[in-house]
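Q: I'm new to this structure and would like a close look at its aromatic rings. Could you walk me through how they pair up and what sits around them?

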Amino acid sequence: MQISVHTPRERQIRFPDQSKRSMPSQKGEMFFENIINATEKKEMTQKQSSWIDSCIETLKDKDIGSLMGGVSTDKPLNWDADGTSKLTQEQIDYLRSTYDLSDMSKQDYYDLMADLTNMNAISIKDVISQYVKPVVPGVVVLSASQARSEDFGQFNKYGNLQENLLQYLKDLNYMSERLKNSHSTMDSSTFFAFKDYLNDEKSLAGRLESIFDLIA
């Protein structure tokens, strides 16, 4: 996701200028266009899934400490984690006694992610996708309130994690509303790519929120 940060008075999202598509005048034309849009959306989703899989394959044999904020990776990730397990009470108690979600360092956060993958409570995709983002062609996110301009549209992985995640969810919802209500136009593949990106980020944030609530 490519984010350009400025400090206007109000949050805004600017979409690329495109010539407007002509509206189909016949039901048959509208149906045909809907099929095309659905096909483009499916292809874009498949590309994004393949893209993150490719990133994981590239990174799994490398030291990714610098990618994750300059942390030590002595505690290994489980690169086969698919996130299908639920935390046991014993695991919850361990995580509660080990991590203070109200005051986390970047190293603490990496270690937490490593523990969660080794417990299979989150997938390796959940972890890597927090650090490696797709660039949605033609979409520029312009920033936020002056008070949080540098933080808009990102989840800070240090400090109070629950507060940071709540703010990130608010930013994602804001962007989704702007996408839905925007009078600007964009080609369908760009629209679906951005929409899917936001939905994926909200789904991940929801999974993290559920885990954080358990171990806080």
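A: Happy to. Bear in mind that this is a predicted model. Four aromatic pairs turn up in the structure. Let's take a couple of them slowly.

Start with Phe152 and Tyr174, whose ring centres are 6.1 Å apart. Their planes sit at 80 degrees, and over 60 counts as edge-to-face, so that's what this pair is. Where do the two partners come from? Phe152 belongs to the loop between β2 (140–142) and α5 (161–181), while Tyr174 is in helix α5 itself, so the pair ties together parts 22 residues apart in sequence. As for how much of each one shows, Phe152 has a relative accessibility of 3%, so it counts as buried. Tyr174, at 22%, is partly exposed.

Now hop over to Phe191 and Phe192. Here the ring centres are 5.6 Å apart and the planes meet at 70 degrees, so this pair is edge-to-face. Phe191 comes out as partly exposed, with 28% relative accessibility. Phe192 has a relative accessible area of 12%, and under 20% means buried, so Phe192 is buried.

There's also an aromatic cluster, made up of Tyr109, Phe155 and Tyr168. Tyr109 is a handy one to follow, since it's among the α3 residues that touch α6. So let's look at those two helices. The axes of α3 (residues 106–118) and α6 (residues 188–215) come within 13 Å and cross at roughly 100 degrees. That crossing makes α3 roughly perpendicular to α6. On the α3 side, the contact is made by Tyr109, Leu112, Met113 and Leu116. On the α6 side, Leu208, Ile211, Phe212 and Ile215 do the job. Sort them by class and you get eight nonpolar residues, no polar ones and no charged ones.

One more ring deserves a stop: Tyr131. Lys157 lies over the face of Tyr131, at 5.2 Å from the ring centre.

Finally, go back to the loop between β2 and α5, where you'll also find Asn160. With a relative accessibility of 22%, Asn160 counts as partly exposed. Leaving aside residues up to four places away in sequence, Asn160 touches Leu101 and Ser102. Asn160 and Ser102 are 58 residues apart along the chain, but in space their C-alpha atoms are 4.0 Å apart.

Terms used. Residues are numbered from 1 along each chain as its sequence is written. This is a predicted model: local features need pLDDT of at least 70, side-chain atom pairs count only at pLDDT 80 or more; totals for chains, interfaces and linings use all residues. Side-chain values use heavy atoms; hydrogens and water are left out. Axes are lines fitted to C-alpha atoms, for helices over the stretch in contact, and angles run from 0 to 180 degrees between N-to-C directions. Helices (H or I, at least four residues) and strands (E, at least two) are DSSP runs, numbered from the N terminus. Angles under 35 degrees count as roughly parallel, over 145 as roughly antiparallel, 65 to 115 as roughly perpendicular and the rest as oblique. Contact means heavy atoms within 4.5 Å. Ala, Val, Leu, Ile, Met, Phe, Trp, Tyr, Cys and Pro count as nonpolar, Asp, Glu, Lys and Arg as charged, and the others, Gly among them, as polar. Rings of Phe, Tyr and Trp (its six-membered ring) pair if their centres lie within 6.5 Å; planes under 30 degrees apart count as stacked, over 60 as edge-to-face and the rest as tilted. Buried means under 20% relative accessible area, exposed over 50%, partly exposed in between (1.4 Å probe, protein chains only). A charge sits over a ring if NZ of Lys or CZ of Arg is within 6 Å of the ring centre and within 35 degrees of the ring normal.
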